[in-house]
Amino acid sequence: MSDITVYQPDFLYVEDRFQEGRALAVGADGRVLDAVPEGARVERLPGRALLPGLINGHSHAFQRLIRGRTEYVAPGKGQDDFWSWREAMYRAAEALTPEGVYIASRQVFVEMVLAGITAVGEFHYLHHQSDGTPYADRNELAHAVIRAATDVGLRICLLRVGYTRAGFNVAANPRQRRFIDRDVDAFLSTTEALAHAVRGDARVSVGLAPHSVRAVSKDWLARVERDAPAGMPIHMHVAEQPKEIEACLAEHGRRPVELLADLGLLGGRFTAVHGVHLTEQEVQLLGRSESTVCACPSTERNLGDGIVPADALVRAGARVSLGSDSQTVVDLLEEARQLEQHLRLVRLRRAVLDPGTGTLDGLAARLLDMATLQGAHSLGLETGALTPGSPADFFTVDVGHRSLVGAGLASLLPGVVFGATAGAVKDVAVAGRWVVRDGQHALAEESGRAFQQLAHRLYP
């Protein structure tokens with residue numbers, strides 16, 4: 001029994017609600033047991049509430065470097081938007097060595113686990129050397145990102161991005177040389193090689209990510225639909241910007257979601273990242289196919305993208321997950337609350353995503369589900385809920401923290417989802433093994449120093 005650990009918090013989130021007097025038993029394999037056996041090692045967690053680990057469905061790790069460095073209007077521009085932000089982002093993308101990619105990724109992954117995130121979907125599009133020449137190992141930079149995640153203790157689904165052009169009838173952009181695959185065969189074979197290389201590590205998986213309808217052709221998308229390995233998740237930026245939709249209509253006579261439906265890409269393993277500018281017909285297509293839309297409210301707000309119509313998507317039957325995207329902030333609970341609160345601004349009412357249960361915690365439970373189970377489904381992971389047989393990925397919050405003090409059993413979940421600040425997260429475990437204890441990560445100081453040096457080299 002010494003290989004079994006029983007965690008006893010004051011409050012355990014199981015069966016969609018917090019319960020007192022419950023414990024979580026974890027076997028030697030890092031999975032949740034269906035019963036608490038006698039004689040097992042007991043670890044008390046007084047003053048803690050324990051929840052399933054948060055799943056970050058969409059991340060560009062290296063963009064942590066540009067936090068705070070794009071919040072202005074460049075001289076002569078008159079205004080700033082996604083497209084001018086993108087040019088500033090390219091500066092970091094062009095400059096990073098494999099070690100720089102590792103350092104930047106490690107830093108943001110440390111920030112993620114400290115915020116209760118236990119798994120990330122890394123939408124990875126830095127592939128080649130700065131002049132566009134492939135590395136000897138075409139997945140060298142992907143391996144650097146994966147190494148950063150596993151060193152930190154985070155699960156990762158490396159979503160390898162396919163990128164072939166600057167856009168429809170758009171001249172090649174030399175600032176995108178690090179992104180471009182020679183052809184769709186190179187994209188598919190390199191992704192399959194990466195999946196083979198990481199096979200056997202339960203913390204690492206791989207998915208396909210055609211970047212967007214502007215960055216790949218219809219023929220590419222058709223090949224991905226035909227040749228993607230069975231069960232491998234497929235993620236894609238969809239309908240983030242009006243210009244993307246205009247270009248898709250000009251090239252194909254179809255809006256992005258309509259084109260993807262025509263090609264058979266929508267479905268249970270497909271995730272449309274952003275999905276901001278959707279017609280009602282596109283919402284219905286996503287819903288009927290049970291596709292996922294990954295909303296990234298902090299980034300969509302920061303870039304002026306718009307607001308994801310999550311209420312319409314949920315009504316139509318689509319899944320909704322959450323991501324930190326550009327790392328403006330790293331706080332998935334903040335993403336959850338902003339998804340709801342952005343909708344309140346445009347719908348002019350409160351509790352827009354409330355499921356109608358009539359309970360105090362119904363809305364919070366739905367948002368937490370998006371931050372956990374829906375993200376896990378999107379990435380093809382077994383995690384997201386503390387059910388028997390699932391990996392024991394979880395985090396705790398300090399119920400006495402100033403942002404939660406005063407919450408009772410009935411109000412604790414909405415207190416966490418709508419009010420907990422980052423400092424309330426205290427402990428994080430992946431596969432039943434601690435990676436954060438009492439708000440501390442073993443690599444935090446070393447990672448911060450290396451990241452500081454990297455940032456000062458790139459931005460002296």
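**Close-up views of a predicted model**

UniProt lists residues 50-435 for "domain: Amidohydrolase-related", and this comes from an unreviewed entry. Keep in mind as you look around that the model is predicted.

**View 1. The stretch that the UniProt record lists, residues 50-435.**
Over residues 50-435, the chain is 40% helix and 17% strand. Now pick out the two ends of this stretch: their C-alpha atoms are 15 Å apart.

**View 2. Helix α5, residues 218-227, and its buried side.**
Which residues of α5 are buried? They are Trp-220, Leu-221 and Val-224. These three sit on the same side of α5, because they cover an arc of only 95 degrees around the axis. Go round to the face turned away from that buried side, and you meet the exposed residues Asp-219 and Arg-226.

**View 3. What covers the buried residues of α5.**
Trp-220, Leu-221 and Val-224 are the ones to keep in sight here. Strands are part of their cover, including β7 (155-162), β8 (204-210) and β9 (234-238). Helices join in too, among them α4 (184-198) and α7 (256-262).

**View 4. The largest cavity, with a volume of about 170 Å³.**
How many cavities of 30 Å³ or more does the structure hold? There are four, and this view shows the largest one. Its lining is made of 19 residues. To find the middle, look for Phe-82, Trp-85, Tyr-125, His-211 and His-237, the lining residues that lie nearest the centre of the cavity. Which helix gives the most to this lining? That's α1 (residues 82-95), with five residues. Sorted by class, the lining of the largest cavity has eight nonpolar, seven polar and four charged residues.

**View 5. The second largest cavity, with about 60 Å³ of space.**
Quite a mix of residues lines this one: His-60, Ala-61, Phe-62, Val-101, Ser-105, Glu-122, Phe-123, His-124, Tyr-125, Leu-126 and Val-145. Two elements, α2 (98-114) and β6 (117-124), give two or more residues to the lining. Of the elements, β6 gives the most, with three residues. By class, the lining of the second largest cavity has seven nonpolar, three polar and one charged residues. If Tyr-125 rings a bell, that's fair: Tyr-125 lines this second largest cavity, and Tyr-125 also turned up among the residues nearest the centre of the largest cavity.

Conventions:
Residues are numbered from 1 along each chain as its sequence is written. This is a predicted model: local features need pLDDT of at least 70, side-chain atom pairs count only at pLDDT 80 or more; totals for chains, interfaces and linings use all residues. Side-chain values use heavy atoms; hydrogens and water are left out. Buried means under 20% relative accessible area, exposed over 50%, partly exposed in between (1.4 Å probe, protein chains only). Helices (H or I, at least four residues) and strands (E, at least two) are DSSP runs, numbered from the N terminus. The arc is that of the directions from the helix axis to the C-beta atoms. Contact means heavy atoms within 4.5 Å. On a 1 Å grid over the protein atoms alone, a cavity is a set of points where a 1.4 Å probe fits but cannot get out, and a pocket is an open set with protein on both sides within 12 Å along at least five of seven lines; lining residues have an atom within 4 Å of a point. Grid points are joined across faces, edges and corners, and a volume is the space filled by probe spheres set on the points. Ala, Val, Leu, Ile, Met, Phe, Trp, Tyr, Cys and Pro count as nonpolar, Asp, Glu, Lys and Arg as charged, and the others, Gly among them, as polar. UniProt positions are given in the numbering used here, feature names are shortened, and annotations may be inferred rather than shown by experiment.
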